[in-house]
Amino acid sequence: AAAAGGGWAEVCEKFRTARTLSAVESRKDPETEPYRSKYSARALLQEVKQLLSAAEEGGEARLVAVRRAVLEYELGVNHTDTEELSAGEEHLQRCTQLLEPHRFSPDCVSLYIQAQNNLGILWSERDEIKTAQTYLESAEALYNQYMKEDGNPPLDPSEHFMAEEEKLTDQERSKRFEKAYTHTLYYLAQVYQHLEMIEKAAQYCHTTLKRQLEYCGYYPVEWALNAATLSQYYLSKQCFMESRHCLAAASVIFSQAGQVPSAEDNETEQDQQDLRQRKAEIARCWIKYCLNLLQSARKLLEDNIGELDPDRQLELKAQRKKEEEEKEKGRKKAVLFGTSDICDSVLAMEEKVSSVYPLDFQEAREIFLVGQNYVQEAKEFFQVDGYVTDHIEIVQDHSALFKVLAFFEEDYERRCKMHKRRIDMLEPLYADLNPQYYLLISRQLQFELADTYYEMMDLKVAIGNRLEELDSHTIKKINSLAQLAIKYYELFLDSLRNPDKVFPEKLEEDVLRPALVAKFHIARLYGKLITSDSKKQLENMQTSLEYYTFLVDYCEKYPDAVRAVETELELSKEMVGLLPTRMERLRAKLCPFI
Amino acid sequence: MAGKARSGCEALKVVARCRPMSRKEEAAGYERVLELDVKLGQVSIRNPRASPGELPKTFTFDAVYDASSKQADLYDETVRPLIDSVLQGFNGTIFAYGQTGTGKTYTMQGAWAEPEKRGIIPISFEHIFTHISRSQNQQYLVRASYLEIYQEEIRDLLAKDQSKKLELKENPETGVYIKDLSSFVTKNVKEIEHVMNLGSQTRSVGSTNMNEHSSRSHAIFLITIECSETGPDGEEHIRVGKLNLVDLAGSERQSKMGAHGERPKEASKINLSLSALGNVISALVDGKSTHIPYRDSKLTRLLQDSLGGNAKTIMVATLGPASHSYDESLSTLRFANRAKNIKNKPRVNEDPKDTLLREFQEEIIRLKAQLEKRGMLGKKRRRSSRRKKAVDGESAMENEGEDDNEDGLEKNMENYLKEQKERLEEEKAAIQDDHSLVSEEKQKLLQEKEKMIEDLRKEQEATELLATKYKAMESKLLIGGRTIVDHTNEQQKMLELKRQEIAEQKRREREMQQEMLLRDEETMELRETYTSLQQEVEIKTKKLKKLYAKLQAVKAEIQDQHDEYIRVRQDLEEAQNEQTRELKLKYLIIENFIPAEEKNKIMNRLYFDGEEDQWKFQPLVPTGGNSNQMKKRPTSAVGYKRPISQYARVAMAMGSHPRYR
């Protein structure tokens, strides 16, 4: 028995060496022999296997089978790592076969799941994602069934080759088991992503994140960033509740990372910089959240001319009251992150901003203010000097926030002021930008500025229409706004010209619509200019007609363009028909004697 | 080149280059799968595993260089125009792209020692500095930087502290730049080569595993050429050209690093490490109206000007000819083919605000002014001391004209300093000699004098410092013909002169030939004026006879044509009659033997197929209902071309390839 005991100790020792070899030593292998340690580990495992089969006689059949399964598993992983897939598969299959009858027992379940994980990886490497999926899904099912029926922390595979006194605590066992399952979920997420089952993939990513949090297997900063990114996925699917939850959790976890003065004080300046950058990144995700929420609400509420529809508003309000809470709670449970203390702070964070569509100005304003705060936070890091592109993107979002807030505002004067704020933030940025390096961005800015001026002019006209008579001040204002809008549209169109200042014959796909819309708006703006001088008016009409004609002619020449500007084209055609007669009439008025 | 630039858009120039078979490959008996057609600029690649009937895939590029091509060919034909435009102030980029071991580094750097085998980089150095040395009335400043991107981290290969990661920043005026990137001002080929070598050394030393590292990292050598020239408007214009020489990581790693903004190709593999969870999540998010932290690649951002920006760009795709690298070569060719579609809009960088050259020029002016001021200052003080001396009752001595000339100034200074010193020493001696003074006072005076000497020395030092700084600054500015000693210059110039002469002579020759032709015609006309009536009659008769013969020939021709025509008409008439008869017969048959109902049915089904030029029947049943009327395929063959066995079907369900790989 002593000899047998000694033999066992030797076996355990060899097994342990093999494991360290493949886990630790293999990282130091030279490039010329990348698998040196893995090969020596394999040799050791083979030895162990032989020793084991020698001692097999007389042993308890089940125990022997399990031990052999562990060895087969290790060998299988080893072969997979060294790119010998078929051999690896053979070993892993043998392992699962040996374990099949005992797979629900605590000493086998973990090993079985890990074997299936590895089979999944192996098949994914053969580009057979479907096969991988079946293995991983069966691992997932096994975990669920085991937790339902037994639930005790199962043995870790390595324990089978350990002396009694070295065995792990229940806590450690549970941790390792859960980790194996987390990996299963993570691999499943990837499998679903490759199969383009995006929703499922996102769900599994979410669960992976959740489990990382529960079992403390995460780096706070990285985790927060991942959660924030996931929120963006939910945004694109219009799941604002989930998105908010992810963001709130990201913020909470991130603030924890900031509090723990990470053990070593020698944290370099660079790390600090990184930390600040990531904080700003999360803030940007929040901005997008607020913006998307407001914009979706706007889409729900607007009527066909882009104004707030009061009937829709009432209808939605009634509807919201009815279904309030009930449904939300059901969904909420499914996505909740973390343990109770984290959960509380996450919920507190969530309180600060709503996740339901805002239906009136008050609600919209609250969301807007939250968004604006995050804009300030993000801008703190992404300053214009050094992060031009990012900074401008943030300012553009800020401007978009104002734009959508203006939609909820009923008072035209105040709405106008909001647009003015947009101008104030965009114009200096545009002035500083060198279009040679930031052509795309400066085009975007030109267009947005022009659009904003255009909208302001429209508002002023609407205000003017309410008055009995237009006073000269309003007229002046309208005209100057129109001129500015024209100026920026023209700047945009000029940016399309080639170095020799020639406007391109055929517009590129990506600028086709903006360019034609710019032409259309300029035409309309010239039509709107108010002047008492008939001659001047005639001139403006002529220019307006020219721009309309350009649009019509262009669409005739390139019928592909029609799709991009259908409504604009229709109106332009009408105008091209109408304007000449109007001009004729005006001319007749000018010179009544001819 | 200029013509292309004028059109505004310029596609990326893509050339392919193939290395010869290596000895190892020949020994292993690999076949050649690449065929290059240098004249047409085509590369065709044959799949070694394909059936013999399969056609090779063909790609067309701007130029193709086969195994026998020389480094100089590639440079002269493709690269030289690009470097020329960099010297004119464009931005230029040259990429080398391809599998590891296909000669990227050979193409870019080549073998330094042998002039024949020098790559693009050393030849371009030569080119740049030769150009500068030949230029006139232009000031140049050439800077070089060397950096590498490894695992999304930027390292400065010329900096002392290698551990420092550099940051990519943006400036609203000048676009993307790398913060704290060191750059060296170089004055000649030797210096820039030194910079290059220094960087290459750090690159190999800095990593434990050279080969692995270099095949995974991108190296970028940046040359900035600033040129200042006085324009016709009398103002100074500064142009800045930037040249990026990029040695990309091996293309087999490319997909893994996600360069060029592409998603990794081998996406079907599962990532084992949980740290990649972020990648998985961001792959789920689509970019519109959302923000995805950390996604863009450094290389792409750094070279965004070159890829669809305002630079001129050349991509050299390097290939291996042997069959075992078929897949890689094909993917390289495909990538290169895609790259052809990238359009750039090159622009001259004229008068950018922050050029170093301008800074240098300003600094020089400032230093000059300072030096002059110092000179003045010295003089002033001298005057004041003179005044003091006058009070002391001692005689004043020297007087010099002011001189703006820097040399004179220095001499001035020297003389002046010497004199001052001498005088001070004299005074010191005088004081010591003067026993009448109280010793205390004497001490004080002595100290004062000592201090004055000290001050003087300091002043002198400062002036010297300024002067050296000034000189150093000025020496960095390169002016053609003066700063760089170009040995070949004279001969080259002679050669060019000769070439011009030859061209001139050719032109003259052409002119003379044209003149000769003109003269010939004149003589012809002259000959046609007749000497006498007799002669005229003779010639005219001759002409008449000739023309008459011609007339007869034409008449005969017409008759022939007419006959032919009549014959054809008769033939046609006959044919028509025949057909009419036939038709009548057919009608008769139809009327007598086919019931009217049937006839109508058939008539309704008839339609004329214009393409095949004949009448056809419409199918009896409409095509739409075809499927349910057709008999079903046997159940064993659902979805397959032919019935297959259960075993084979199971095997197919297991995977496209029933046998394990």
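What follows is a short chat about how the labels on this two-chain model are earned.

User: What should I keep in mind about the model and its numbering?

Analyst: It's a predicted model, where local features need pLDDT of at least 70 and side-chain atom pairs count only at pLDDT 80 or more, while totals for chains, interfaces and linings use all residues. Residues are numbered from 1 along each chain as its sequence is written, chains are lettered from A and ligands numbered from 1 in the order in which they are written, and side-chain values use heavy atoms, with hydrogens and water left out.

User: How do you know what counts as a helix or a strand?

Analyst: They're DSSP runs numbered from the N terminus: H or I over at least four residues for a helix, E over at least two for a strand. By that rule chain A gets 22 helices and zero strands, and chain B gets 19 helices and 19 strands.

User: What makes the length of α11(B) fit a helix?

Analyst: The expected span is 1.5 Å times one less than the number of residues. Helix α11 of chain B (residues 326-339) has 14 residues, and its first and last C-alpha are 20 Å apart, close to the expected 20 Å.

User: Why are some residues of α11(B) called buried?

Analyst: Buried means under 20% relative accessible area, with exposed over 50% and partly exposed in between (1.4 Å probe, protein chains only). B:Tyr326, B:Leu330 and B:Leu333 are among those that pass, as are B:Phe335 and B:Ala339. An α-helix has 3.6 residues a turn, so residues three or four places apart point the same way. Chain-wide, 50% of the 594 residues of chain A count as buried, against 35% of the 661 in chain B.

User: How do you know how much area chain B and chain A bury between them?

Analyst: Buried area is the accessible area (1.4 Å probe) that two parts lose on being put together, summed over both. Here that's about 5200 Å², 53% of it on carbon and sulfur atoms. β10 (168-171), β11 (175-178) and α9 (277-284) of chain B each supply at least two residues of its side, and α9(B) gives the largest share, seven residues. Counting contacts (heavy atoms within 4.5 Å), chain B puts in 51 residues and chain A 62.

User: What makes a pair across that interface a salt bridge or a polar contact?

Analyst: A salt bridge needs a side-chain nitrogen of Lys or Arg within 4 Å of a carboxyl oxygen of Asp or Glu, and the rule finds zero here. A polar contact is a pair of N or O atoms within 3.5 Å; within protein, one must be able to donate a hydrogen and the other to accept it, and residues adjacent in sequence count only if both atoms are side-chain atoms. Nine residue pairs qualify, both partners at pLDDT 80 or more.
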